[in-house]
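I opened the notebook to look up how the chains meet and how some helices pack. The entries follow in the order of looking.

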Amino acid sequence: MFWLVVAAAASVLPWYAVAPANAASSGLLLALGGSVAVLPVYAVLLALAGIGVGGGGGGRAAQRLAALASFAGAVWILVSSGLQGTPYDPALALTLSNQPAVGWGAGLTVVALLGLGATALARAGMMDGDRFGAHLLVLVCAILALFVLFPLAQILEAVSRPDETGSVLAGLAGRLGGREIWGLTCLVDGGRCGMVWNSVGLGTAVGLSATLLGLGASLFIVRTNAPMRGPLRLVTLLPLVTPPFVVGLALILLFGRSGSVTLFMYDVFDIRPSRWIYGPQGVWLAQTLGLTPLAFMVIHATLVSVSPSVEEAAQTLRAGRWYTFRTVTLPLIRPGLANAFLLCFIESLADLGNPLILGGGFRVLASGIYFKIVGAQADLGEAAGLGLILLAISLTVFLLQTVWLRGASFVTVTGKGDGGKFGELAPSLKLLVGGVTLIWGVLIVTVYGTVIAGSFAQIWGRDYSFTLTHYLDAFDVISGPHGLVWSGGAWNFFFTTMWIAAVAAPLTAALGLLTAYLIARRRFVGRGVFEFAAMMSFAMPGTVIGLAYVLSFNAPPIEITGTAVILIVAFISRNMPIGVRVGLAQFSQIDPSLDEASTTLGARPGMTLRRVLYPLMKPAVATAVIYAFVSSVTTLSQVIFLVSPRYDWATTYIIGLVENTNYGRAIAYSVVLIVLLIVIVALLQLILTRTEFRRVNTKSTGETQ
Amino acid sequence: MIGTKHLIFATAVSAIALTSGAASAQNLVMYCSVQQSWCEATAAAFTKETGIRVAMQRKDTGAALAQIRAESANPQADVWWGGSGDAHIQAASDGLTQEYKSPNVSELRDWAVEQGETTGYKTIGIYSGVLGWGYNTEFFEREGLDPPLAWSDLEKADYEGEIQVANPNTSGTAYTALATLVQLYGEDEAFDYLKRIDGNISEYTQSGTAGIRAAALGETGIGIAFLHDVIQQAAAGFPVKAVAPSDGTGYEIGSMSLIKDGPNPDVAKTFYDWALTAEAQGLALDAGAYQIQANKNVEPAPEAPKLDETKLIDYDFAKYGSAETRSHLLKRWDNEIASQR
């Protein structure tokens with residue numbers, strides 16, 4: 001009933017985003033005017049109204065038919081203009097193939113139709129007749145279809161467009177083959193290798209080094225009693241709130257040709273300054289430093305789940321310390337190591353900032369896509385080809401990770417009491433772990449020290465005198481006859497970044513957690529596929545999402561490029577999987593008998609979710625919101641194709657400054673961003689988990705009984 | 001019960017859509033293709049003067065042109081301010097920009113007005129600059145090298161990996177350099193030359209000013225750039241020296257255009273008129289921009305390159321700004337230079 005009212009209200013709103021010339025604007029009038037695009041929609045709505053008014057009449061078959069009809073209606077609104085994305089030409093008559101983008105009327109009608117479909121599905125017995133669950137499922141599916149699957153399809157379409165000669169095969173070959181992509185000349189005569197090999201090679205190297213460093217740091221923190229472990233833990237969290245390319249920037253300030261380390265080496269040892277940092281080595285170093293915390297978190301979590309008792313057992317059997325480590329500990333944490341490696345590999349593939357500022361002539365797939373698009377010869381087809389290859393590699397690794405590591409976790413900490421202490425590490429290993437961690441810690445501290453110092457230095461490498469110019473340039477405010485003028489160059493980007501991320505974060509978290517709820521607590525057909533689709537966008541590199549969105553939403557039926565909506569939607573679909581993951585983990589710790597108890601007491605599923613599950617989920621909500629916010633603010637690759645002058649992003653502004661070697665202001669802005677993020681994360685943590693303790697207590701007593 | 005939940009969904013959906021709509025109030029949207037500091041000074045001064053807020057995005061000339069073309073069905077910006085004139089001419093001939101003759105045109109120097117006349121006032125000159133390069137004096141001293149004084153000097157093996165120039169696809173500076181060389185040597189000879197100096201070039205940057213900034217910082221020895229960009233670095237205290245090639249060089253007429261069917265046409269004209277005034281053009285120097293300004297009442301800075309002391313070629317703006325020549329040269333550059341790296 002509700003959705004019919006919505007549809008009725010929508011029928012008087014402007015149907016299209018732009019009022020078509022010499023035609024009515026509202027949906028109702030268009031339908032009365034005999035518009036082929038709109039008439040079928042109202043035919044469906046009228047038929048549904050007939051059923052709805054008839055008091056939910058008809059059997060299940062009728063309801064299924066109704067659901068089908070509503071979804072068909074919604075799809076029709078979106079596809080009737082064709083999915084090729086031809087822009088609307090107001091000079092021509094309004095026809096099926098010449099329609100403006102979807103406006104308020106059409107948009108709300110789509111929502112209403114989806115709602116009607118969900119209601120009908122519930123009545124037909126889906127989700128045991130629970131309308132709330134059905135609505136949720138339809139909502140998530142619609143979002144996934146529209147903002148993940150449809151853009152992917154557009155990439156495929158752009159890749160398989162025929163080339164100038166009209167041949168599809170030649171077009172495919174041109175975009176997916178080519179020396180630039182697959183070339184192997186670097187092996188033969190010192191030439192350059194194709195981007196695929198560069199990307200895969202870099203990802204492997206970064207994955208290995210970050211995993212090793214992460215392993216070293218985890219062992220150091222969990223298994224030694226060395227001092228400084230507390231501060232080190234904090235330091236490992238820093239890169240999470242840092243835009244990834246800031247590390248690369250600091251490396252230039254240190255090791256660039258006029259970097260401080262370089263000049264020091266020149267003065268003291270007479271080592272000629274060179275440009276060695278610009279190239280694969282530099283990118284590798286920057287990414288390794290940036291991604292080690294990720295590897296650390298994964299390995300650390302695995303390492304603490306290894307029970308001391310198994311190691312004790314080994315040592316009781318007279319295994320040496322080193323032997324115990326090699327044959328007991330290491331195999332037990334192997335899934336963690338593999339997971340860390342694969343995650344770092346995926347992140348390295350997706351990173352755009354570091355290859356951009358440190359790559360020199362070294363091209364990886366992510367930067368290749370960028371250069372294909374920014375050039376005057378912007379070739380979306382070739383960019384899509386690179387995007388498809390990047391996506392294929394990333395998805396393969398993601399599949400490997402899900403399939404291979406599923407059920408490969410060896411948890412040895414059980415509910416049964418098992419105290420005991422970890423044995424000492426072998427002395428040689430201890431030394432190794434300490435040394436590796438020390439080097440890493442020193443590098444990280446140097447990097448951040450450089451960033452902070454650099455933001456206050458007049459000109460890094462030449463004039464180290466103290467100045468606030470960089471901060472003032474970025475964040476100055478002057479007063480004029482028309483009031484305050486935010487004259488600093490960074491304000492515009494700053495405000496936009498903050499409010500868009502603030503809008504996107506709660507939506508992202510909500511969608512992710514609700515999806516997790518569906519997966520964890522509901523039974524329905526196609527749940528496995530649903531789960532995979534929901535998690536898949538995690539493996540979609542930011543540049544690929546950006547590119548796909550440009551291809552998909554630049555023309556009717558949905559025209560949102562150059563608006564804030566496209567950024568919000570991109571963040572939601574990319575960051576949602578983290579919410580799903582966190583949610584699934586949390587749900588698995590909440591006993592389903594609580595749900596059952598609630599249901600037995602007469603609560604409907606929506607009520608159970610709100611009153612029983614949500615309070616228990618607060619830590620997960622906090623994690624998901626914080627993650628969504630931070631990663632939206634610090635991302636570069638996702639936004640670089642989607643920003644417009646009105647909605648520009650902090651990171652694209654900074655990368656522009658770097659490109660113009662305006663390092664001082666670039667790092668001053670980065671410092672502000674990092675500090676602000678730390679404050680915001682702390683505040684969010686405080687607000688979102690404030691009431692948590694009392695309830696966690698209730699929960700734990702509930703579980704032990 | 002279900003009703004309220006639906007309502008929450010509906011409000012959430014409409015809230016997203018509304019916020020996006022509400023933000024499009026009266027303000028100016030601008031692509032800016034000169035140095036960041038000048039872009040920002042101009043935007044802030046305009047806001048201070050008129051109270052109109054400016055959403056400005058700095059984009060390299062070629063990138064701005066590509067963006068405006070990509071958005072032509074649904075233009076997002078009102079004004080394209082600055083950047084090499086040939087790209088503006090191309091935008092004019094492609095019908096991407098709006099004809100407008102400002103009352104303030106009478107205050108401009110001849111070469112600026114000429115830019116308007118060749119395009120039917122779809123663009124107008126706002127500054128001019130001479131092409132050349134800057135070299136890092138400390139680096140040259142340390143290595144005991146002679147600085148390059150002519151285009152032909154850049155071929156020297158001494159400079160291996162020491163030159164930075166931008167990619168002509170994205171940078172107006174680099175396209176001016178490409179067109180200059182073609183006019184100096186003839187097309188085939190120019191491409192042979194570019195292939196010969198390719199080994200000396202460490203990187204084709206995206207932004208036209210990146211090379212000279214790198215030279216100023218000592219990250220590279222030589223940066224090919226407009227001389228005003230070199231002088232800006234020298235004036236800021238960096239050890240760089242400007243060279244106007246002795247075998248002749250090209251120049252640019254930096255321009256401004258109104259984007260056709262931009263979202264705020266009236267505000268755009270207000271900006272356009274204001275940007276041509278002596279007051280607005282006088283902002284350049286304080287922002288460290290040493291271009292020669294188009295307004296007759298703005299004296300060039302003493303450090304600015306002297307047009308009459310430089311051997312300038314007779315730069316054919318109409319030809320090298322045309323879509324045909326431009327895309328031909330860029331395609332050839334892509335095929336013969338970029339893809340061979």
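**Chain contact and helix packing**

I looked first at the contact between the chains, to which chain B gives 50 residues and chain A gives 46 (two residues are in contact if their C-beta atoms, placed from the backbone, lie within 7 Å). I noted that this is a predicted model, in which local features need pLDDT of at least 70 and side-chain atom pairs count only at pLDDT 80 or more, while totals for chains, interfaces and linings use all residues. Residues are numbered from 1 along each chain as its sequence is written, and chains are lettered from A and ligands numbered from 1 in the order in which they are written.

On the side of chain B that touches chain A, I found that helix 1 of chain B gives the most, with 10 residues (helices are DSSP runs of H or I, at least four residues, numbered from the N terminus). That side divides into 22 nonpolar, 19 polar and 9 charged residues (Ala, Val, Leu, Ile, Met, Phe, Trp, Tyr, Cys and Pro count as nonpolar, Asp, Glu, Lys and Arg as charged, and the others, Gly among them, as polar).

Within chain A, I then took helix 29 and helix 31 (residues 663-688), which pack at an angle of about 165° with their axes 9 Å apart (axes are lines fitted to C-alpha atoms, for helices over the stretch in contact, and angles run from 0 to 180 degrees between N-to-C directions). Helix 29 of chain A and helix 31 of chain A are therefore roughly antiparallel (angles over 145 degrees). Among the residues that meet there are Phe629(A) of helix 29 and Leu677(A) of helix 31, and the contact divides into 13 nonpolar, 1 polar and 1 charged.

Methods. Helices (H or I, at least four residues) and strands (E, at least two) are DSSP runs, numbered from the N terminus. Angles under 35 degrees count as roughly parallel, over 145 as roughly antiparallel, 65 to 115 as roughly perpendicular and the rest as oblique.
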